[in-house]
Amino acid sequence: MEDKYIFLKPTFFKALWGDGSILKKYDVDRFIPNDMDRSDIAGLGAFSGLPSDANEILSGEFKGRKLNELYDEHPELFGTPSTLRWEHIPVSMGLGNACSDLSIQVHPTENYALKYLNCHGKSESWYIVDCPENSDIVMGHNANTMEELDEYIANEDWDGLLKRYPILPGSYYNIQAGTLHAIQKGTTFMEVCNPCPVTYRFYDYNRLDKSGKHRKLDIEKAKKNILVPFVCQNTVYHYRNDKGVTEINLTDNDNFSTYKYVINGEGKLSMPKPYLGAFVIDGEGEIDGIKLRAGDSLLITANVKELVFKGRMSILAYTG
């Protein structure tokens, strides 16, 4: 089993919009360093292969190593040479809880990032774990041309510019690189994305940081990446089922694939891709006889050919 299911230690990140409440939702406190202030923790990183924030391996013969090292030294656990398309794992997943609105931002497109930033671009997606009633997200804009975009900016007409969409727990949204976007206050969300470290802040509600200063905006760099006009990315779900196990293919695009598994009993399904990162959203159960509970992160390697689930739980799985 050691080369089939590899459990991962979460990393933690802080932000202006964090208040530590994410730690009440999942039993992950044991992984936080004793000297780390918990009051402004915004979320956790469940799966990342970038050297700067790669997850530590918790189980098996690779215990203590990092996920990026596993990808470099044992690529066969992630597939075949024909399926390993990037020099690092092309997908990451994080979980966050917003105690205030996130800034309106945009991530670089693939072409821009490769040309100017020496990294890949970032497309992402959001799975809404929980949110207050009548919540929404910012996604996209109303400008049809760059001239219109400049006019909205000059007039500071942010309400007129930005598009908003209602959200519900369990909803899922694809956000192509170059899309203006923001999660809003009170939302707990999972982000599946390409692991690009670059974010351009476009608008921040004129808020002040802890030192009483406005945070830096990157409007000009953002404009070089914003897709004009905005086109909403449609999501079409596909389903597979065996007895008490249902697989919902939330997206299967050029950047990543995402699946939700709803286990209510037991059943088995073939692996949809060579490997999967996985995070247990809620409940508890087993995979191939190995116990799982809410908050667990793991790599399901290419040595697994069939997913054998049992229990009462929901799992988000993803691959590049």
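In the predicted model, Glu247 is buried, with a relative accessible area of 4%. The side chain of Glu247 meets that of Arg240 in a salt bridge, with an N to O distance of 2.9 Å. Arg240 is partly exposed, its relative accessible area being 28%. The pair thus joins a buried acidic residue, Glu247, to a partly exposed partner, Arg240. Elsewhere, salt bridges with shared partners connect Asp27, Arg30 and Arg293 in one network.

The structure contains 17 salt bridges. Side chains of opposite charge can pair when their charged atoms come close. One of these bridges links Asp218 to Lys216, and the closest N and O atoms lie 2.3 Å apart. Asp218 has a relative accessibility of 14% and counts as buried, whereas Lys216, at 56%, counts as exposed. Asp218 is placed in the buried class because its 14% falls under the 20% limit; Lys216 is placed in the exposed class because its 56% is over the 50% limit. A further bridge is formed by Glu69 and Arg65, with 2.9 Å between the closest N and O atoms. Glu69 is partly exposed at a relative accessible area of 27%, and Arg65 is likewise partly exposed, at 31%.

With respect to nonpolar packing, the largest core comprises 38 residues. Phe12, Phe47, Leu70, Phe78 and Phe279 have the most contacts inside this core. Strand 3, which spans residues 41-47, supplies the largest share of the core, with 4 residues. A second core is separate and has 23 residues, among them Leu149, Leu161, Phe202 and Ile226. For Phe12, when neighbours within four places in sequence are left aside, the residues in contact are Leu23, Val28, Phe31, Ile32, Met36, Ile41, Gly43 and Leu44.

Leu299 lies in strand 19, which covers residues 297-300. Leu299 is buried, with a relative accessible area of 0%. When residues up to four places away in sequence are not counted, Leu299 touches Lys4, Tyr5, Ile6, Leu8, Phe47, Leu67, Leu70, Phe78, Tyr275 and Leu276. Three of the residues touched by Leu299, namely Phe47, Leu70 and Phe78, are also listed with the most contacts inside the largest core. Leu299 and Tyr71 are 228 residues apart along the chain, and their C-alpha atoms are separated by 11 Å.

The number of disulfides in the structure is 0. Cys131 takes part in no disulfide, and the nearest cysteine sulfur, belonging to Cys99, is 16 Å away. Cys131 counts as buried at a relative accessibility of 12%. Cys193 is also in no disulfide; here the nearest cysteine sulfur is that of Cys196, at 8.9 Å. The 8.9 Å between the sulfur atoms of Cys193 and Cys196 does not meet the disulfide criterion, because that criterion requires a pair of cysteine sulfur atoms within 2.5 Å. Cys193 counts as buried, with a relative accessibility of 4%.

How values were computed:
Residues numbered from 1 in each chain as written. Predicted model: local features only at pLDDT ≥ 70, side-chain atom pairs only at ≥ 80, totals over all residues. Heavy atoms only, no water. Helix = DSSP H or I, 4+ residues; strand = E, 2+ residues; numbered from the N terminus. Buried < 20%, exposed > 50% of the residue type's maximum accessible area, 1.4 Å probe, protein only. Contact = heavy atoms within 4.5 Å. Core = buried A, V, L, I, M, F, W, Y, C linked by side-chain atoms within 4.5 Å. Salt bridge = Lys/Arg side-chain N within 4 Å of Asp/Glu carboxyl O.
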